[in-house]
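This report describes one protein model for a reader who works with coordinates. It goes from the whole chain to an internal cavity and then to two individual residues.

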Amino acid sequence: DTLSLHDALPIFPPLRRYQLAPVAAVVAMARELGSALLCSATGSGKTVMGLHAAHTLAEGGVVLWLAPSLGLIEQTADRVRDAGVEPRILQAGDSGPRDASVIVASVPTLLAMLRRGEALPACSVVVHDEARGHLAPQWREVAKGIAARYRLGLDATPCRADGVALGYLFAGLVQGPPVTQLIEAGALCPVTIRAPKERGNKLAAHPVAAYERLLAGDRCVVYCRDKAHAEEVAGEAVRR
C-alpha cells in the first residue's frame, strides 16, 4: 500500500503509509532547526525516505548524499536511477553528469579533495548516511566543509561506542516506524527473540553455538559486522 507525499515529488518512488509521517516530521524539523536525524530500523526504507525528504527540502537545488561505503554508494545511486535520474558519483574519481541534481559521494573522497585544497560540491541539502560514522574526527572536516541550507542524517542505531553525541551535527531526532508496525506491514519478517536475562558488553554465545543449541535443523541467517566476520562465522560452522 503506497501513497505519494505530495505532487512535488515526481521522480522518486511513492512512500509507503508507514513512511509518510517520519518523512513529514524530518522535513518539518529541518525547516525549523536546519537539521534532523531520522532513526529507523534496517529494512524500513531509510534511503527512499531520505531521498524524499532531501528532494522536498532542496526545492530544485542539489542534494549531496554522503555514504561511508561502496555498497551504500551503489545502493543509493541505484535508487536514484530507478527514478529516472542519473546521479553524479564521487568515489575514487568523478563520474556522471556535472549538473546532476543528486551527487552521491564517499566521505574519504571528499576528505581527500579538501586536503588537496579543492572545493566541495555546492548543494542545498546534505545527507549523512549511517550518520554516527560522520562524527569521527577526520570526517568532521568534511561536515564543516559543506555549506548547505539543510543537513539530514540517517541511521538505524544512532549512537557511538565512544559516547560522542550526534547533536554536533543534528539539532533533533525523528523516530521512524516501530519494528512491530513494520512486521505488521510485511516490510520485516516476524521474529522470536531469545536473549540472556541481563545485557552485557560481550556476546552471550558464539553465533554457531547459539544456533546449535536453539535452532539446530532450521535455516539461519547470522548478521555479521563485515565480510571478514561473516567468513569467520562460516568457517566455524564448517569446522563444527
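The paragraphs below take up the overall fold, the cavity and two residues in turn.

The model is predicted, and in it the protein has eight helices and ten strands. Its radius of gyration is 20 Å, which agrees with the value near 18 Å that a compact globule would have with 240 residues. The C-alpha trace spans about 55 × 45 × 35 Å along its principal axes. Buried residues make up 40% of the 240 residues, and among the contacts with a separation of 6 or more, 68% are made by residues 24 or more positions apart.

How many cavities of 30 Å³ or more does the protein hold? The count comes to one, and the largest cavity contains about 40 Å³ of space. The elements that each give two or more residues to its lining are α1, β3 (35-39), α2 (46-58) and β9 (150-155). Among the residues that line the largest cavity are Val23, Val26, Met49, Gly50 and Leu152. By class, the lining of the largest cavity divides into eight nonpolar residues, two polar residues and no charged residues.

The two residues treated next are set side by side in the table.

| Residue | Relative accessible area | Place |
|---|---|---|
| Glutamine 19 | 5% | helix α1 (residues 17-33) |
| Proline 68 | 30% | loop between β4 (63-67) and α3 (70-82) |

Glutamine 19 is placed in helix α1, an element that also contributes to the lining of the largest cavity. Is glutamine 19 buried or exposed? Because its relative accessibility of 5% falls under the 20% limit, glutamine 19 counts as buried. A polar atom of the side chain of glutamine 19 lies 2.9 Å from the backbone oxygen of serine 44. Leaving aside residues up to four places away in sequence, glutamine 19 touches Ser44, Gly45 and Met49; of these, Met49 also appears in the lining of the largest cavity.

Proline 68, by contrast, lies in a loop, the one between β4 and α3. Its relative accessible area of 30% is neither under 20% nor over 50%, and therefore proline 68 is classed as partly exposed. Which residues does proline 68 touch when those up to four places away in sequence are not counted? They are Asp129, Glu130 and Trp139. The C-alpha atom of proline 68 is separated by 16 Å from that of methionine 113, with the two residues 45 residues apart along the chain.

Key. Residues are numbered from 1 along each chain as its sequence is written. This is a predicted model: local features need pLDDT of at least 70, side-chain atom pairs count only at pLDDT 80 or more; totals for chains, interfaces and linings use all residues. Side-chain values use heavy atoms; hydrogens and water are left out. Helices (H or I, at least four residues) and strands (E, at least two) are DSSP runs, numbered from the N terminus. Buried means under 20% relative accessible area, exposed over 50%, partly exposed in between (1.4 Å probe, protein chains only). Contact means heavy atoms within 4.5 Å. A polar contact is a pair of N or O atoms within 3.5 Å; within protein, one must be able to donate a hydrogen and the other to accept it, and residues adjacent in sequence count only if both atoms are side-chain atoms. On a 1 Å grid over the protein atoms alone, a cavity is a set of points where a 1.4 Å probe fits but cannot get out, and a pocket is an open set with protein on both sides within 12 Å along at least five of seven lines; lining residues have an atom within 4 Å of a point. Grid points are joined across faces, edges and corners, and a volume is the space filled by probe spheres set on the points. Ala, Val, Leu, Ile, Met, Phe, Trp, Tyr, Cys and Pro count as nonpolar, Asp, Glu, Lys and Arg as charged, and the others, Gly among them, as polar. The radius of gyration is taken over C-alpha atoms; the globule rule is 2.2 Å times the number of residues to the power 0.38.
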